[in-house]
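Biologist: Could you walk me through reading salt bridges and exposure in a model like this?

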Amino acid sequence: MSTVDYVLVHGAWHGGWCWDRVAAPLRERGHRVHTPTLSTGDPGIGLRTHVDEVAALLEGLDDVVLVGHSYSGFVVREAADRMPERVRRIVLVDAWYGRDGDSMDSRAPEWFVEWVDSLTADGMIATPPASTVGVREPADVAWLEANLRPQPRRTFSEPTRLTGAVEDVPCHAVLCVPNKRLPFAKWAAEFGWPSTELHTGHDAMVTAPGQLAEILLAQA
């Protein structure tokens, strides 16, 4: 297997640190792994800021397996739409995404938007408990909750901008199951993407890192 550049992009409230357990086995197989931490320190930060950050990283790479978890499904698809020639494949891990003009807010069920708004003050979404993302092991809970950071509300409301170029990049969906509340499986079928089910919580990189790493290796 040739050496591949993996770019692993975290979801809301998280940082590049959350991929540590997945990045290690990928590097052990000889691959290069990049785990950027997206900016979150200001309520003025939106989806476009995060797309700019990932796109800037892609400019120096070729033949990338671009992985987005949760919220960053929107981030990686827009970044790949800007420079599809840099991306070999997109992998979306229990991720949010949509068409041009869609946003987290427009794709989310009403109850989800209300929950997010209940956590929001001064343009920032407070960190939820680790159990919200399926993490319950005490040591993992402590690690996660010590590192989570508030998320700018604008990242969920700002619409994605897509030309359509991203639709020519092969994509694979990883679906954390069972998931009875969010339509990730429905969306993968809607877009016609192949998918793999992973029986774990939403934060698969924390709760099932070895299995997730094997799925990512198969996509290379």
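Biologist: How exposed is Glu214, buried or partly exposed?

Modeller: This is a predicted model, so keep that in mind. Buried means under 20% relative accessible area and exposed means over 50%. Glu214 has a relative accessible area of 42%, so Glu214 is partly exposed.

Biologist: Which side chain does Glu214 meet in a salt bridge?

Modeller: Arg29, at 2.8 Å from N to O. The two sit in distant parts of the chain, 185 residues apart: Glu214 is in helix H10, while Arg29 is in the loop between helix H1 and strand E2.

Biologist: What does the salt bridge between Asp63 and Arg88 tie together?

Modeller: Asp63 lies in the loop between helix H2 and strand E3 and Arg88 in strand E4, so the pair connects parts 25 residues apart in sequence. The closest N and O atoms are 2.4 Å apart. Asp63 is partly exposed at 36% relative accessibility, and Arg88 is partly exposed at 24%.

Biologist: And Arg153, buried or exposed?

Modeller: Buried, because its relative accessibility is 12%, and the cut-off for buried is under 20%. Its salt-bridge partner is Asp117, with the closest N and O atoms 3.0 Å apart. Arg153 is in the loop between strand E7 and helix H7 and Asp117 is in helix H5, so this pair ties together parts 36 residues apart in sequence. Asp117 is partly exposed, at 41%.

Biologist: Which residues do salt bridges with shared partners join into one network?

Modeller: Arg48, Asp52, Glu78, Arg82, Arg154 and Glu158.

Biologist: How many salt bridges does a search of the whole structure find?

Modeller: The search finds 14.

Methods
Residues are numbered from 1 along each chain as its sequence is written. This is a predicted model: local features need pLDDT of at least 70, side-chain atom pairs count only at pLDDT 80 or more; totals for chains, interfaces and linings use all residues. Side-chain values use heavy atoms; hydrogens and water are left out. A salt bridge is a side-chain nitrogen of Lys or Arg within 4 Å of a carboxyl oxygen of Asp or Glu. Helices (H or I, at least four residues) and strands (E, at least two) are DSSP runs, numbered from the N terminus. Buried means under 20% relative accessible area, exposed over 50%, partly exposed in between (1.4 Å probe, protein chains only).
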